[in-house]
Amino acid sequence: MAASYQPDRDESDGSIVAEINITPLTDVFLVLLVIFMVTTSVIQNQGKNIDLPGADVSDETPQGVTVSVGADGEIMIDDAVVAEDRLFEVLEAALTDAREKVVVLRGDQAVLLGKAVNILDIAQQAGARGIALATKPNPRDS
């Protein structure tokens, strides 16, 4: 706490005015807020280590419901593990809540095409209006 003397006050009462300066505290909170905002956007798509196939990457990245399929066959919808028999109902609920009705499939290179097609078929039945495949940039482009 800081004590201050204010000359315009009546000097006869002899009181000290104690004030807390909250400006530095506000600055710290704003810096922490910015740090959390930046780190959450970076961490968002790193929930599982998936080896994406390479391709020429588009300039526009679609937003929507992300379905990730690992090499072990584990399915995740927006970073939440989902059993294959519950895929339709969970995907339908996620698409209902999503602003854009697009499903982005992040499949490991080891995932068989039949499994990927099955997931995309279920996504279409659940109400997806668009489908996108997540890839990483081609190594030859680097």
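# Exercises on a predicted chain

The protein chain exposes about 10200 Å², and carbon and sulfur atoms supply 56% of that area. The model is predicted. Work through the exercises with the structure in view.

## Exercise 1: Survey the chain

Task: State how many helices and strands the protein chain has, and give their order.

Solution.
- Step 1. Count the elements. The protein chain holds 3 helices and 9 strands.
- Step 2. Read from the N terminus. The order is β-β-α-β-β-β-β-α-β-α-β-β.
- Step 3. Look at burial. The protein chain has 142 residues, and 26% of them count as buried.
- Step 4. Look at contacts with a separation of 6 or more. Residues 24 or more positions apart account for 68% of them.

## Exercise 2: Check the length of α3

Task: Test whether the span of helix α3 agrees with 1.5 Å a residue.

Solution.
- Step 1. Find the helix. α3 covers residues 113–125, which is 13 residues.
- Step 2. Work out the expected span. At 1.5 Å a residue, α3 should span 18 Å.
- Step 3. Compare. The end C-alpha atoms of α3 are 18 Å apart, so the two values agree.
- Step 4. Look just past the helix. Gly127 follows α3, and its phi is positive, near 115°.

## Exercise 3: Find the faces of two helices

Task: Decide which residues of α3 are buried, and which residues of α2 are buried.

Solution.
- Step 1. Use the cut-off. Buried means under 20% relative accessible area; exposed means over 50%.
- Step 2. Apply it to α3. Ala116, Ile119, Leu120, Ile122 and Ala123 are buried.
- Step 3. Look down the axis of α3. Its buried residues fall within an arc of 160°, so they line one face of the helix.
- Step 4. Turn to the other side of α3. Leu113, Gly114, Gln124 and Gln125 are exposed there.
- Step 5. Ask what covers the buried residues of α3. The cover includes β4, β5, α2, β7 and β8.
- Step 6. Repeat for α2. Its buried residues are Leu87, Leu91, Ala94 and Leu95.
- Step 7. Look down the axis of α2. The buried residues fall within an arc of 100°, so they too line one face.
- Step 8. Check the face of α2 turned away from its buried side. Thr96 and Asp97 are exposed there.
- Step 9. List the packing partners. The buried residues of α2 pack against β4, β5, β6, β7 and α3.

## Exercise 4: Place strand β4

Task: Explain why β4 counts as largely enclosed, and name strands that pair with it.

Solution.
- Step 1. Count. In β4, 5 of the 5 residues are buried, so the strand is largely enclosed by the rest of the structure.
- Step 2. Sort the side chains. Val65, Val67 and Val69 point one way; Thr66 and Ser68 point the other way.
- Step 3. Pair β4 with β7. They run parallel, joined by 5 bridges. Thr66 stands opposite Val104 in β7.
- Step 4. Pair β4 with β5. They run antiparallel, joined by 3 bridges. Val69 has Ile75 in β5 as its bridge partner.
- Step 5. Inspect the hairpin of β4 and β5. It has 5 residues between the strands, and Gly73 takes a positive phi near 90°.

## Exercise 5: Trace a β-α-β unit

Task: Give the handedness of the unit made by β7, α3 and β8.

Solution.
- Step 1. Check the pairing. β7 and β8 are parallel over 4 bridges.
- Step 2. Find a facing pair. Val103 stands opposite Ile131 in β8.
- Step 3. Compare the faces of β8. Gly130 and Ala132 form the covered face; Ile131 and Leu133 form the uncovered one.
- Step 4. Follow the path. β7, α3 and β8 make a right-handed β-α-β unit.

Key
Residues are numbered from 1 along each chain as its sequence is written. This is a predicted model: local features need pLDDT of at least 70, side-chain atom pairs count only at pLDDT 80 or more; totals for chains, interfaces and linings use all residues. Side-chain values use heavy atoms; hydrogens and water are left out. Helices (H or I, at least four residues) and strands (E, at least two) are DSSP runs, numbered from the N terminus. The expected span of a helix is 1.5 Å times one less than its number of residues. Buried means under 20% relative accessible area, exposed over 50%, partly exposed in between (1.4 Å probe, protein chains only). The arc is that of the directions from the helix axis to the C-beta atoms. Contact means heavy atoms within 4.5 Å. Two strands pair if DSSP finds at least two bridges between them. A crossover is right-handed if, with the strands pointing away from the viewer, the path from the first strand over the helix to the second runs clockwise. Accessible areas come from the Shrake-Rupley method with a 1.4 Å probe; for residues, only the protein chains shown count as cover.
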